[in-house]
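Hi there,

Here is the structure I promised to pass on. Have a look at it first, and then read on for what turned up.

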Amino acid sequence: MQKTHSLLLNSKRPLYLWNLKVLNSINDGLFSDTLYLYSSMLRSGVHGNHFTFPMVLKACSNINSVLHGTMIHSHVHQLGFQQHVFVQTALLNMYSKCDELESSRKVFDKMPVRTVVSWNSIISAYCRCSLVDEATFLLHEMRVLGFKPSSTTFLSFLPTCVLQQGLSIKCCAYKFGLLNIREIPLANAVMKMYVKYGQVHEARSIFDLMHEKSVISWTTVIDGYVGIGNVTEAFSLFNQMRTSIRPDFIVFMSLISGCAQEGNLLVASTIHSPIVKCGFDNEDPIDNLLVRMYANCEDLVSARRVFDMAHEKSVFLWTSMIRGYTHLGYPLEALELFKTLLGTAIKPDEATVTTVLSACADLGSLNVGEEIEGYILANGLHSNLQVQTSFMRMLCKCGNLEKAKAVFERLSTKDLAAWSSMINGYAIHGMGEEALSLFHKMQKTEMIKPDAAIYTSILLACSHSGLIEDGLKFFQSMQMDFGIEPSIEHYTCLVDLLGRAGKLELALKTIKELPVKVQAKAWAPFLSACRKHSKLELGEFAARKLFDLNPGSVGNYVVMANLYAHAGKWKEAAVTRRLLDDRGLVKESGWSYIEINGSVHVFVAGDRSHYQLGDIYNKLEELNAKLLEAGYIPEADNVVHDLEKEEKEESLKVHSERLAIAFGLISTEAGTTLRIIKNLRTCDDCHSALKCISKITGRHLIVRDGQRFHHFESGSCSCKDFW
Ligand SMILES: [Zn+2]
Ligand SMILES: [Zn+2]
């Protein structure tokens with residue numbers, strides 16, 4: 001009895017048992033436990049040996065604790081393991097992984113004995129810090145001292161080096177007989193390097209020589225093809241891959257993003273079923289990419305199906321779905337989904353808010369946009385420049401330029417995007433002078449260099465405000481002073497400028513110098529200019545080009561029909577309109593939209609569905625009488641149908657924007673600014689009528705039509721009758 005007791009007291013757990021426990025905890029990835037075990041071991045009076053130290057040092061580097069590492073270093077020192085290459089290499093590795101390169105090097109320099117492994121470790125330490133030249137020097141030194149590099153040596157280099165360095169590393173590896181196709185990780189790393197620099201064919205030739213291929217080998221080459229936009233080859237490899245090996249998560253991510261880039265629904269839909277088969281559906285990153293892929297292929301139904309099926313929806317998934325709706329022109333659906341999101345526990349982030357604001361901008365919904373402002377303020381997003389810029393853009397596009405200006409001025413730092421948005425705001429509102437003055441300020445006081453996008457806004461500002469000379473000057477200086485190659489958007493603005501100035505021959509010459517496939521965009525403003533200057537023959541020429549290049553665009557037929565009607569050629573006008581029917585095209589019906597006290601009212605021409613119908617038509621009657629008194633003469637030309645004159649005048653009076661304005665007038669206090677969004681271009685007659693109405697009622701009327709903004713005030717319009 002006595003004997004057993006003393007045995008228990010004196011029994012210490014032997015070191016080999018401690019080592020076993022430590023090993024188990026390392027294998028289970030329980031690194032903090034490892035360190036705890038180590039300190040228990042020390043407390044029990046047992047010290048580590050050359051098996052213990054590498055393991056506990058590994059634990060230190062895994063939890064990135066240089067503090068513990070240094071402590072163990074001192075134990076190593078006290079116990080006299082300075083000569084032990086295995087332990088010393090472990091120390092070197094620990095420092096390197098904890099980003100202590102200098103300490104790492106100190107250990108290396110003091111090592112009396114080194115092995116290939118210690119050389120590899122120090123080389124990898126330098127590569128990890130992207131000090132490839134130093135690492136190369138060590139490689140050289142290592143060889144001089146008679147050590148033969150292993151595949152691990154070269155593996156350290158490849159992820160960090162630039163192509164040139166990579167190629168010499170590859171040659172060196174080849175010289176040592178390491179780049180034979182059996183060294184799968186090294187071959188994979190070389191392929192990855194080639195892929196990174198777009199040299200997919202080089203990667204492929206290595207791939208084809210490999211006897212055995214890992215999932216990483218397949219993924220690397222497939223990803224390479226996706227990267228250079230060859231989705232077909234990526235898919236063909238993917239199909240080969242499936243016969244021999246189970247595809248992983250990463251290969252699907254790569255293929256889906258390839259399909260998203262491609263935007264080809266047929267190709268894209270083939271990826272979905274293998275994903276389901278491999279059980280990767282319901283993985284958030286995959287679902288997120290699938291939603292984006294379908295949205296890019298303009299298949300919102302499939303995108304929504306993926307979204308709805310996802311068990312757990314991350315904020316990224318929500319944002320991708322909302323963005324899909326916004327980009328494809330479904331702002332209402334985007335806002336609807338955003339409202340649903342607000343009802344969940346998930347918090348929208350900057351990207352979500354930015355996307356939703358752009359939906360508001362498209363819709364012209366100032367009201368919802370301002371609700372979102374509340375959200376921005378409540379969630380501390382107001383210091384985010386990107387959010388503020390899109391808020392500004394929304395205000396501009398919804399017609400509240402004053403507030404946009406205030407937001408812009410409040411910004412503590414303004415980047416190019418912020419300047420660009422404000423300048424664009426002035427441009428679309430026809431405030432050319434303001435746009436130009438801001439543009440000068442940006443360059444002179446802020447020293448910000450303009451880019452191609454800002455020049456599009458500047459040219460737009462010039463054309464919308466009839467600043468022909470300035471516009472032409474900017475078009476030149478953009479190229480001469482900043483080396484910006486004009487894009488089709490710039491050329492379109494140039495054609496528009498020249499067209500407005502009546503320099504149709506010059507505009508024609510500009511278009512003819514453009515590549516044919518982008519000409520369609522430039523012919524449209526040219527046709528409008530022909531209509532403006534009543535150039536029937538040139539207009540016919542432009543229309544023929546447009547009908548060939550862009551047969552689906554309804555607007556062009558309408559402008560041409562208007563041009564004929566304006567010249568009294570009713571028969572030709574009717575023929576042009578009939579072309580629409582023959583080609584199965586449906587003319588988008590005009591609608592106007594006004595927000596009163598937070599609710600939305602949409603009107604179509606001759607609308608008789610509104611609940612305040614009687615009051616609206618009474619107001620219209622009253623307005624019409626006053627218009628005639630004020631000397632307004634209806635321009636019957638604008639009704640393309642070959643109707644009797646009186647009938648034409650009747651239908652003009654009930655164009656959707658007039659109904660919206662009549663409703664706005666009866667629903668708001670005197671003096672309130674009315675904001676109307678119209679989907680199509682406002683006709684000449686409504687334009688004259690609105691100028692007159694602004695004078696009679698003393699109201700500021702802001703109309704965003706399919707072309708631009710019009711600010712009607714005291715009988716004139718900001719567009720100076722150019723639109
Ligand atoms: Zn009209
Ligand atoms: Zn106008």
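Before the first helix pair, a word on terms: an axis here is a line fitted to C-alpha atoms, for a helix over the stretch in contact, and the angle between two axes runs from 0 to 180 degrees between N-to-C directions. Please also keep in mind that this is a predicted model.

With that in hand, take helix α34 (residues 554-566) and helix α35 (residues 570-582): their axes come within 7 Å and cross at roughly 170°. Angles over 145 degrees count as roughly antiparallel, so that is how α34 and α35 are described relative to each other. On the α34 side, the contact is made by Val554, Tyr557, Met560, Ala561, Tyr564 and Ala565, and on the α35 side by Trp570, Glu572, Ala573, Thr576, Arg577, Leu579 and Leu580. Sorted by class, the residues of this contact come out as ten nonpolar, one polar and two charged.

Now the chain as a whole. You'll be looking at a lot of helix: the chain has 39 helices and six strands. What radius of gyration does the chain have, next to that of a compact globule of 723 residues? The chain has 36 Å, whereas such a globule would be near 27 Å. Along the principal axes, the C-alpha atoms fill a box of roughly 120 × 60 × 55 Å. Of the 723 residues, 44% are buried. If you count contacts with a separation of 6 or more, 63% of them join residues 24 or more positions apart.

Next, a run of three helices that you can follow one after another. Helix α20 (residues 315-327) packs against helix α21 (residues 331-342) at an angle of about 160°, and their axes are 7 Å apart. That angle makes α20 roughly antiparallel to α21. Their crossing is left-handed. From α20, the contact takes in Trp318, Met321, Ile322, Tyr325 and Thr326, which meet Pro331, Glu333, Ala334, Leu337, Phe338 and Leu341 in α21. In this contact there are nine nonpolar residues, one polar and one charged.

Helix α21 also has a second partner, helix α22 (residues 350-363). Here the axes come within 9 Å and cross at roughly 140°. How do α21 and α22 lie relative to each other, given that angle? They are oblique, because roughly antiparallel is kept for angles over 145 degrees. The crossing of α21 and α22 is left-handed. Pro331, Leu332, Ala334, Leu335 and Phe338 of α21 meet Val356, Ala359, Asp362 and Leu363 of α22. This contact has eight nonpolar residues, no polar ones and one charged. If you compare the residue lists, Pro331, Ala334 and Phe338 of α21 turn up in the contact with α20 and in the contact with α22.

A little earlier in the sequence is helix α19 (residues 300-309), which holds serine 302. Leucine 300 is found in α19 too. Leucine 300 has 19 C-beta neighbours inside 10 Å and counts as partly exposed, since a residue needs 20 or more to be buried. Setting aside neighbours within four places in sequence, leucine 300 is in contact with Ala295, Gly324, Tyr325 and Leu328. One of these, Tyr325, is also part of the α20 contact with α21. Serine 302 is partly exposed as well, with 18 other C-beta atoms within 10 Å.

For a sense of distance, leucine 300 and glutamate 629 are 329 residues apart in sequence, and their C-alpha atoms are 52 Å apart. Serine 302 and alanine 630 are separated by 328 residues in sequence and by 56 Å in space, C-alpha to C-alpha.

Last, two backbone oddities. Most residues other than glycine have a negative phi. Glutamate 298 is not a glycine, yet its phi is positive, about 60°. This residue lies in the loop between α18 (284-296) and α19. Is glutamate 298 buried or exposed? With 12 other C-beta atoms within 10 Å, glutamate 298 is exposed. Asparagine 64 also has a positive phi, near 55°. Asparagine 64 sits in the loop between α4 (52-62) and α5 (66-78), and it is partly exposed, with 13 other C-beta atoms within 10 Å.

Cheers

Key:
Residues are numbered from 1 along each chain as its sequence is written. Chains are lettered from A and ligands numbered from 1 in the order in which they are written. This is a predicted model: local features need pLDDT of at least 70, side-chain atom pairs count only at pLDDT 80 or more; totals for chains, interfaces and linings use all residues. Helices (H or I, at least four residues) and strands (E, at least two) are DSSP runs, numbered from the N terminus. The radius of gyration is taken over C-alpha atoms; the globule rule is 2.2 Å times the number of residues to the power 0.38. Two residues are in contact if their C-beta atoms, placed from the backbone, lie within 7 Å. Angles under 35 degrees count as roughly parallel, over 145 as roughly antiparallel, 65 to 115 as roughly perpendicular and the rest as oblique. A crossing is left-handed if the near helix is turned anticlockwise from the far one by less than a right angle, and right-handed if clockwise. Ala, Val, Leu, Ile, Met, Phe, Trp, Tyr, Cys and Pro count as nonpolar, Asp, Glu, Lys and Arg as charged, and the others, Gly among them, as polar.
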